[in-house]
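I opened this entry to keep track of what I looked up, item by item. The notes follow the order in which I checked things.

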Amino acid sequence: MALDLFSLKGRTALVTGGSRGIGKMIAAGFIEQGAKVYISSRKADACHATAAELGPNCIALPQDISTVEGVKALVAAYAQREASLDILVNNAGAAWGASFEDFPESGWDKVMDLNLKSPFFLTQQLHGALKAAASDARPAKVINIASIDGIALNPLETYSYHASKSALIYLTRRMAARLVRDRILVTAIAPGAFASEMNRAARDNADFIAKHIPIGRIGRDEDMAAAAVYLASRAGDYVVGATLPVDGGVALASLPFGAIAG
(Lines give C-alpha, C1' and ligand atoms only; values in the text may rest on other atoms or scores of the structure.)
Protein backbone atom coordinates (compact mmCIF):
# COMPACT_ATOMS: atom_id res chain seq x y z
CA MET A 1 0.00 0.00 0.00
CA ALA A 2 1.23 3.48 -0.85
CA LEU A 3 2.60 5.43 2.08
CA ASP A 4 1.43 8.79 0.76
CA LEU A 5 -2.30 8.15 0.59
CA PHE A 6 -3.09 11.51 2.16
CA SER A 7 -0.43 13.61 0.45
CA LEU A 8 -1.54 16.56 -1.67
CA LYS A 9 1.97 17.48 -2.76
CA GLY A 10 2.01 19.02 -6.21
CA ARG A 11 -1.75 19.60 -6.30
CA THR A 12 -3.61 22.86 -6.67
CA ALA A 13 -6.86 23.64 -4.87
CA LEU A 14 -9.45 26.40 -4.86
CA VAL A 15 -11.52 26.85 -1.70
CA THR A 16 -14.43 29.28 -1.77
CA GLY A 17 -15.35 30.93 1.50
CA GLY A 18 -11.78 30.16 2.46
CA SER A 19 -11.01 33.18 4.62
CA ARG A 20 -12.67 31.88 7.78
CA GLY A 21 -14.52 29.04 9.44
CA ILE A 22 -14.75 25.68 7.73
CA GLY A 23 -13.17 26.97 4.53
CA LYS A 24 -10.11 28.16 6.40
CA MET A 25 -9.87 24.83 8.26
CA ILE A 26 -9.87 22.98 4.94
CA ALA A 27 -7.38 25.35 3.31
CA ALA A 28 -4.98 24.96 6.22
CA GLY A 29 -5.29 21.18 6.08
CA PHE A 30 -4.57 21.10 2.35
CA ILE A 31 -1.52 23.30 2.77
CA GLU A 32 -0.24 21.07 5.58
CA GLN A 33 -0.40 18.13 3.15
CA GLY A 34 1.58 20.00 0.49
CA ALA A 35 -1.05 21.62 -1.74
CA LYS A 36 -1.00 25.07 -3.25
CA VAL A 37 -4.29 26.63 -2.22
CA TYR A 38 -6.22 29.56 -3.64
CA ILE A 39 -8.86 30.95 -1.32
CA SER A 40 -11.77 33.14 -2.29
CA SER A 41 -14.20 35.18 -0.22
CA ARG A 42 -16.42 38.19 -0.66
CA LYS A 43 -14.40 40.36 1.74
CA ALA A 44 -11.05 41.16 0.16
CA ASP A 45 -9.32 42.28 3.37
CA ALA A 46 -10.22 39.08 5.18
CA CYS A 47 -9.18 36.99 2.21
CA HIS A 48 -5.74 38.60 1.99
CA ALA A 49 -5.26 38.44 5.77
CA THR A 50 -5.97 34.70 5.84
CA ALA A 51 -3.66 34.07 2.91
CA ALA A 52 -0.88 35.93 4.72
CA GLU A 53 -1.56 33.91 7.87
CA LEU A 54 -1.51 30.54 6.09
CA GLY A 55 1.74 31.27 4.28
CA PRO A 56 3.22 31.41 0.78
CA ASN A 57 1.28 28.40 -0.50
CA CYS A 58 -1.99 30.26 0.07
CA ILE A 59 -3.08 32.84 -2.51
CA ALA A 60 -6.05 35.18 -2.12
CA LEU A 61 -8.56 35.59 -4.96
CA PRO A 62 -11.32 37.70 -3.40
CA GLN A 63 -14.62 37.59 -5.26
CA ASP A 64 -18.35 37.62 -4.57
CA ILE A 65 -19.66 34.46 -6.26
CA SER A 66 -23.33 34.89 -5.41
CA THR A 67 -23.99 35.62 -9.10
CA VAL A 68 -22.92 33.83 -12.26
CA GLU A 69 -21.04 36.98 -13.27
CA GLY A 70 -19.07 36.74 -10.03
CA VAL A 71 -18.40 33.06 -10.66
CA LYS A 72 -17.01 33.85 -14.11
CA ALA A 73 -14.82 36.60 -12.67
CA LEU A 74 -13.31 34.19 -10.15
CA VAL A 75 -12.68 31.60 -12.85
CA ALA A 76 -10.99 34.24 -15.02
CA ALA A 77 -8.76 35.34 -12.12
CA TYR A 78 -7.78 31.73 -11.45
CA ALA A 79 -7.10 31.07 -15.14
CA GLN A 80 -4.59 33.92 -15.19
CA ARG A 81 -2.52 31.97 -12.66
CA GLU A 82 -3.14 28.28 -13.36
CA ALA A 83 -3.99 26.15 -16.39
CA SER A 84 -5.55 23.31 -14.41
CA LEU A 85 -7.25 22.61 -11.08
CA ASP A 86 -6.90 19.44 -9.04
CA ILE A 87 -9.35 20.20 -6.21
CA LEU A 88 -12.36 22.50 -5.97
CA VAL A 89 -14.06 23.01 -2.61
CA ASN A 90 -17.47 24.69 -2.88
CA ASN A 91 -17.73 26.05 0.65
CA ALA A 92 -19.03 29.63 0.37
CA GLY A 93 -22.45 29.81 1.97
CA ALA A 94 -25.06 31.83 3.79
CA ALA A 95 -27.94 31.25 6.20
CA TRP A 96 -31.16 33.08 7.00
CA GLY A 97 -33.63 32.60 9.80
CA ALA A 98 -37.18 34.02 10.00
CA SER A 99 -40.63 32.82 10.91
CA PHE A 100 -42.70 31.04 8.28
CA GLU A 101 -45.12 33.95 8.17
CA ASP A 102 -42.39 36.56 7.68
CA PHE A 103 -39.70 34.72 5.71
CA PRO A 104 -38.65 37.16 2.94
CA GLU A 105 -37.90 36.55 -0.71
CA SER A 106 -34.51 38.18 -0.18
CA GLY A 107 -33.61 35.59 2.45
CA TRP A 108 -34.68 32.82 0.13
CA ASP A 109 -32.80 34.09 -2.92
CA LYS A 110 -29.59 35.02 -1.12
CA VAL A 111 -29.20 31.60 0.46
CA MET A 112 -30.27 29.53 -2.54
CA ASP A 113 -28.06 31.52 -4.90
CA LEU A 114 -24.89 31.17 -2.84
CA ASN A 115 -25.46 27.71 -1.37
CA LEU A 116 -26.84 25.92 -4.41
CA LYS A 117 -26.57 27.87 -7.65
CA SER A 118 -22.97 28.99 -7.20
CA PRO A 119 -21.52 25.49 -6.58
CA PHE A 120 -23.12 24.26 -9.78
CA PHE A 121 -22.02 27.13 -11.99
CA LEU A 122 -18.54 27.36 -10.49
CA THR A 123 -18.01 23.67 -11.14
CA GLN A 124 -19.41 24.12 -14.64
CA GLN A 125 -17.11 27.06 -15.40
CA LEU A 126 -14.07 25.18 -14.00
CA HIS A 127 -14.90 21.98 -15.86
CA GLY A 128 -12.11 22.52 -18.36
CA ALA A 129 -9.50 23.22 -15.69
CA LEU A 130 -10.59 20.16 -13.70
CA LYS A 131 -10.47 17.95 -16.81
CA ALA A 132 -6.99 19.26 -17.57
CA ALA A 133 -5.81 18.00 -14.17
CA ALA A 134 -7.71 14.71 -14.16
CA SER A 135 -6.45 11.29 -15.15
CA ASP A 136 -7.16 7.63 -14.43
CA ALA A 137 -4.20 7.59 -12.07
CA ARG A 138 -5.12 10.83 -10.32
CA PRO A 139 -8.71 12.04 -10.61
CA ALA A 140 -9.61 15.65 -10.00
CA LYS A 141 -11.91 16.32 -7.05
CA VAL A 142 -14.92 18.52 -6.31
CA ILE A 143 -16.00 18.68 -2.65
CA ASN A 144 -19.28 20.41 -1.85
CA ILE A 145 -19.77 21.58 1.73
CA ALA A 146 -23.33 20.75 2.69
CA SER A 147 -24.60 20.45 6.29
CA ILE A 148 -26.25 17.99 8.59
CA ASP A 149 -29.22 20.33 8.17
CA GLY A 150 -29.49 18.68 4.76
CA ILE A 151 -29.81 15.28 6.46
CA ALA A 152 -31.56 15.86 9.80
CA LEU A 153 -34.28 18.40 10.49
CA ASN A 154 -33.25 21.47 12.44
CA PRO A 155 -36.08 23.02 14.51
CA LEU A 156 -34.84 26.51 13.69
CA GLU A 157 -36.82 28.27 10.97
CA THR A 158 -34.06 28.36 8.38
CA TYR A 159 -36.20 27.39 5.41
CA SER A 160 -33.94 28.32 2.53
CA TYR A 161 -30.85 26.96 4.33
CA HIS A 162 -32.49 23.57 4.88
CA ALA A 163 -33.68 23.47 1.29
CA SER A 164 -30.33 24.53 -0.17
CA LYS A 165 -28.26 22.02 1.80
CA SER A 166 -30.64 19.12 1.09
CA ALA A 167 -30.59 20.04 -2.58
CA LEU A 168 -26.80 20.35 -2.59
CA ILE A 169 -26.48 16.77 -1.35
CA TYR A 170 -28.59 15.51 -4.22
CA LEU A 171 -26.88 17.85 -6.70
CA THR A 172 -23.61 16.27 -5.57
CA ARG A 173 -24.92 12.89 -6.66
CA ARG A 174 -26.17 14.21 -9.99
CA MET A 175 -22.91 15.98 -10.83
CA ALA A 176 -20.91 12.96 -9.68
CA ALA A 177 -22.78 10.70 -12.09
CA ARG A 178 -21.91 12.98 -15.00
CA LEU A 179 -18.37 14.08 -14.14
CA VAL A 180 -16.96 10.68 -13.18
CA ARG A 181 -16.61 9.94 -16.91
CA ASP A 182 -14.11 12.82 -17.02
CA ARG A 183 -12.32 11.38 -13.98
CA ILE A 184 -13.63 14.23 -11.84
CA LEU A 185 -14.96 12.82 -8.56
CA VAL A 186 -17.67 14.84 -6.83
CA THR A 187 -18.41 14.30 -3.14
CA ALA A 188 -19.77 16.30 -0.22
CA ILE A 189 -19.15 16.89 3.48
CA ALA A 190 -22.03 17.54 5.87
CA PRO A 191 -20.55 19.38 8.88
CA GLY A 192 -22.17 19.52 12.27
CA ALA A 193 -21.20 21.92 15.04
CA PHE A 194 -17.95 23.73 14.25
CA ALA A 195 -17.01 27.10 15.68
CA SER A 196 -17.55 29.70 12.98
CA GLU A 197 -19.22 32.99 12.21
CA MET A 198 -22.13 31.08 10.70
CA ASN A 199 -22.43 28.78 13.72
CA ARG A 200 -22.08 31.26 16.53
CA ALA A 201 -23.75 28.92 18.99
CA ALA A 202 -20.88 26.45 18.64
CA ARG A 203 -18.34 29.27 18.66
CA ASP A 204 -19.67 31.13 21.71
CA ASN A 205 -21.29 28.31 23.73
CA ALA A 206 -19.15 25.27 22.94
CA ASP A 207 -19.55 23.60 26.33
CA PHE A 208 -23.33 23.85 26.24
CA ILE A 209 -23.56 22.64 22.64
CA ALA A 210 -21.19 19.75 23.39
CA LYS A 211 -23.69 18.34 25.88
CA HIS A 212 -26.05 17.65 23.00
CA ILE A 213 -23.52 15.91 20.74
CA PRO A 214 -23.13 12.13 21.11
CA ILE A 215 -19.31 12.28 21.02
CA GLY A 216 -19.37 15.00 23.71
CA ARG A 217 -17.66 17.92 21.97
CA ILE A 218 -17.94 20.29 19.02
CA GLY A 219 -15.80 19.76 15.95
CA ARG A 220 -12.15 20.74 15.93
CA ASP A 221 -10.26 22.27 13.02
CA GLU A 222 -8.40 19.03 12.42
CA ASP A 223 -11.65 17.05 12.22
CA MET A 224 -12.77 19.10 9.23
CA ALA A 225 -9.31 19.22 7.67
CA ALA A 226 -8.92 15.45 7.92
CA ALA A 227 -12.26 14.74 6.24
CA ALA A 228 -11.48 17.10 3.36
CA VAL A 229 -7.94 15.76 2.95
CA TYR A 230 -9.31 12.21 2.82
CA LEU A 231 -11.71 13.05 -0.01
CA ALA A 232 -9.19 15.21 -1.87
CA SER A 233 -6.29 12.78 -1.70
CA ARG A 234 -5.49 9.34 -3.13
CA ALA A 235 -7.27 7.90 -0.10
CA GLY A 236 -10.61 9.07 -1.52
CA ASP A 237 -10.11 8.05 -5.14
CA TYR A 238 -12.84 5.39 -5.03
CA VAL A 239 -15.48 7.59 -3.37
CA VAL A 240 -18.02 8.96 -5.85
CA GLY A 241 -21.17 10.95 -5.08
CA ALA A 242 -21.12 10.27 -1.33
CA THR A 243 -21.86 12.76 1.43
CA LEU A 244 -19.71 12.35 4.54
CA PRO A 245 -21.31 13.57 7.80
CA VAL A 246 -18.67 15.10 10.10
CA ASP A 247 -20.83 15.85 13.10
CA GLY A 248 -19.92 13.75 16.12
CA GLY A 249 -22.98 11.54 15.62
CA VAL A 250 -25.68 14.21 15.48
CA ALA A 251 -27.28 13.30 12.16
CA LEU A 252 -27.78 9.67 13.12
CA ALA A 253 -28.81 10.25 16.73
CA SER A 254 -32.41 9.59 17.69
CA LEU A 255 -32.51 12.58 20.04
CA PRO A 256 -33.44 16.06 18.74
CA PHE A 257 -29.93 17.38 18.21
CA GLY A 258 -30.60 19.11 14.88
CA ALA A 259 -30.66 22.60 16.39
CA ILE A 260 -26.85 22.66 16.61
CA ALA A 261 -26.26 22.00 12.92
CA GLY A 262 -23.47 23.89 11.23
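**Surface patch**

I looked for nonpolar side chains grouped on the surface, and found Phe100, Trp108 and Tyr159 forming such a patch, with about 330 Å² of accessible area together. I note that the model is a predicted one. I then placed Phe100, which sits in the loop between strand 4 (87-90) and helix 4. Its relative accessibility is 61%, so I logged Phe100 as exposed, the cut-off being over 50%.

**Cavity**

I next asked how many cavities of 30 Å³ or more the structure holds. The search returned one. I noted about 30 Å³ of space for the largest cavity.

I listed the residues that line the largest cavity: Thr16, Ile65, Asn90, Asn91, Ala92, Leu114, Ser118, Pro119 and Leu122. Which element gives the most to this lining? I found that helix 4 (residues 105-125) does, with four residues. By residue class, I recorded five nonpolar and four polar residues in the lining of the largest cavity, and no charged ones.

**Salt bridges**

I ran the search over the whole structure and it gave eight salt bridges. I wrote up three pairs in detail.

The first entry is Lys36 with Glu82, whose side chains meet in a salt bridge at 2.7 Å, N to O. I checked where the partners sit: Lys36 is in strand 2 (residues 36-40), and Glu82 is in the loop between helix 3 (68-79) and strand 4. The pair therefore links distant parts of the chain, 46 residues apart. Are the two partners buried or exposed? Lys36 has 33% relative accessibility and counts as partly exposed. Glu82 has 17% and counts as buried, because the cut-off for that class is under 20%.

The second entry is Asp136 with Arg183, where I read 2.8 Å between the closest N and O atoms of the salt bridge. Asp136 lies in the loop between helix 5 (127-133) and strand 5 (140-145), and Arg183 in the loop between helix 6 (159-179) and strand 6 (184-191), so this pair ties together parts that are 47 residues apart in sequence. I noted Asp136 as exposed, at 63% relative accessibility. Arg183 is partly exposed, with a relative accessible area of 35%.

The third entry is Asp237 with Lys141, a salt bridge between side chains at 2.8 Å, N to O. I located Asp237 in the loop between helix 9 (221-232) and strand 7 (243-246), and Lys141 in strand 5. These two are 96 residues apart, and the pair links distant parts of the chain. For burial, I logged a relative accessible area of 13% for Asp237, which counts as buried. Lys141 is buried as well, with a relative accessible area of 2%.

**Backbone check**

I came back to Arg183 for its backbone. What is notable about its phi? Arg183 has a positive phi of about 60° although it is not a glycine. I add to the record that this residue lies in the loop between helix 6 and strand 6, and that Arg183 is also the salt-bridge partner of Asp136.

Conventions: Residues are numbered from 1 along each chain as its sequence is written. This is a predicted model: local features need pLDDT of at least 70, side-chain atom pairs count only at pLDDT 80 or more; totals for chains, interfaces and linings use all residues. Side-chain values use heavy atoms; hydrogens and water are left out. On a 1 Å grid over the protein atoms alone, a cavity is a set of points where a 1.4 Å probe fits but cannot get out, and a pocket is an open set with protein on both sides within 12 Å along at least five of seven lines; lining residues have an atom within 4 Å of a point. Grid points are joined across faces, edges and corners, and a volume is the space filled by probe spheres set on the points. Ala, Val, Leu, Ile, Met, Phe, Trp, Tyr, Cys and Pro count as nonpolar, Asp, Glu, Lys and Arg as charged, and the others, Gly among them, as polar. Patches are made of residues with over 30% relative accessible area and no salt bridge: like charges are joined within 9 Å, nonpolar side chains (Val, Leu, Ile, Met, Phe, Trp, Tyr) within 5 Å. Accessible areas come from the Shrake-Rupley method with a 1.4 Å probe; for residues, only the protein chains shown count as cover. A salt bridge is a side-chain nitrogen of Lys or Arg within 4 Å of a carboxyl oxygen of Asp or Glu. Buried means under 20% relative accessible area, exposed over 50%, partly exposed in between (1.4 Å probe, protein chains only).
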